[in-house]
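Visitor: Please show me the model. I would like to hear how each label is justified by its cut-off.

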Amino acid sequence: MHSVNAPTPGTPPGRAARLAVPAGLLAAVAGAFAYVGAVDPNEPGHYPACPLLRLTGLYCPGCGGLRSAHAVVHGDLPAALQANAPAVLGYAVCAVLWTVWVVRAARGGPPPRIDPPPVLLWSLGALLLAFTVVRNLPSGGWLHP
């Protein structure tokens, strides 16, 4: 016997059920950004150091990511871009994809399918590699976190 509120097999889930996973993801990301916003990564001792930076003295593509997130939380976009511009771009892309997902879920559609062509993935990899190389050159000091 089925409960009155339980969907029968083959019945599409309700709006609340469709929005549960995107809402959970938003809660997790908001919690992470709230923590980074409250605990300043610019003060030593709060977060582990980048292993590559500690062992080699080289900045990886992610170095400065926590500083950029801290700056985004505090509304300081120039500081966020200076700390790690690719990370800020990544935050924006994730926000757009999440928004598309929520709109589709609210309308009852399928979640967006993320299937980038290989040329896009190779291009992004090449850009991150170039960013990493340039930020570690003497002339790339303006890209240091």
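**Labels and their cut-offs**

Guide: Trp122 has its place in helix α5. A helix here is a DSSP run of H or I with at least four residues, a strand is a run of E with at least two, and both are numbered from the N terminus. The model is a predicted one, in which local features need pLDDT of at least 70 and side-chain atom pairs count only at pLDDT 80 or more, while totals for chains, interfaces and linings use all residues. Residues are numbered from 1 along each chain as its sequence is written, and side-chain values use heavy atoms, with hydrogens and water left out.

Visitor: Why is Trp122 called exposed?

Guide: Its relative accessible area is 70%. Buried means under 20%, exposed means over 50%, and partly exposed is what lies in between, with a 1.4 Å probe and protein chains only. The value for Trp122 is over the upper limit, so the residue is exposed.

Visitor: How far apart in space are Trp122 and Gly108?

Guide: Their C-alpha atoms are 33 Å apart, although the two residues are 14 apart in sequence. From Trp122 to Phe33 the C-alpha distance is 29 Å, over 89 residues of sequence.

Visitor: How many aromatic pairs are there?

Guide: There are two. Rings of Phe, Tyr and Trp (its six-membered ring) pair if their centres lie within 6.5 Å; planes under 30 degrees apart are stacked, over 60 edge-to-face, and the rest tilted. One pair joins Phe33 and Tyr91, with 5.3 Å between centres and 85° between planes. That distance is within the limit and that angle is over 60, so the pair is edge-to-face.

Visitor: Which parts of the chain does this pair link?

Guide: Phe33 belongs to helix α1 (residues 15-38) and Tyr91 to helix α4 (residues 77-107), and the two are 58 residues apart.

Visitor: Why are Phe33 and Tyr91 called partly exposed?

Guide: Phe33 has a relative accessible area of 24%, and Tyr91 stands at 25%. Both values fall between the two limits, so neither residue is buried or exposed.

Visitor: What makes the pair of Tyr35 and Tyr47 edge-to-face?

Guide: The ring centres are 6.1 Å apart and the planes meet at 85°, so the pair gets the edge-to-face label. Tyr35 is in helix α1 and Tyr47 in the loop between α1 and α2 (51-56), so parts 12 residues apart in sequence are tied together. Tyr35, at 46%, counts as partly exposed, and Tyr47, at 21%, does too.

Visitor: What does Phe33 touch?

Guide: Leaving out residues up to four places away in sequence, Phe33 touches Ala69, Val73 and Tyr91. Contact means heavy atoms within 4.5 Å.

Visitor: Which residues of α3 are buried?

Guide: They are Gly65, Ser68, Ala69, His70 and Ala71. Their cover includes α1 and α4. Just after α3, Gly75 has a positive phi of about 75°.

Visitor: What makes the salt bridge between Asp115 and Arg113 count as one?

Guide: The N to O distance is 3.8 Å. The rule asks for a side-chain nitrogen of Lys or Arg within 4 Å of a carboxyl oxygen of Asp or Glu, so this pair qualifies. The structure holds one salt bridge. Asp115 and Arg113 are both exposed.

Visitor: Which residues make the nonpolar surface patch?

Guide: Val119, Leu120, Leu121, Leu124 and Leu127 form a patch of about 490 Å². Patch residues have over 30% relative accessible area and no salt bridge; nonpolar side chains (Val, Leu, Ile, Met, Phe, Trp, Tyr) are joined within 5 Å, like charges within 9 Å. Leu121, in helix α5 (residues 118-135), has a relative accessible area of 49%. That is over the patch limit, yet not over 50%, so Leu121 is partly exposed.

Visitor: How confident is the predictor in the protein chain?

Guide: The mean pLDDT is 90, and 92% of the residues reach 70 or more. pLDDT is the predictor's confidence in each residue, from 0 to 100. Helix α3 (residues 65-73) has a mean of 96, the highest, and α2 has the lowest, at 92. Where pLDDT is low, predicted coordinates should not be read in detail.

How values were computed:
Areas by Shrake-Rupley, 256 points an atom, 1.4 Å probe, with all protein chains shown as cover.
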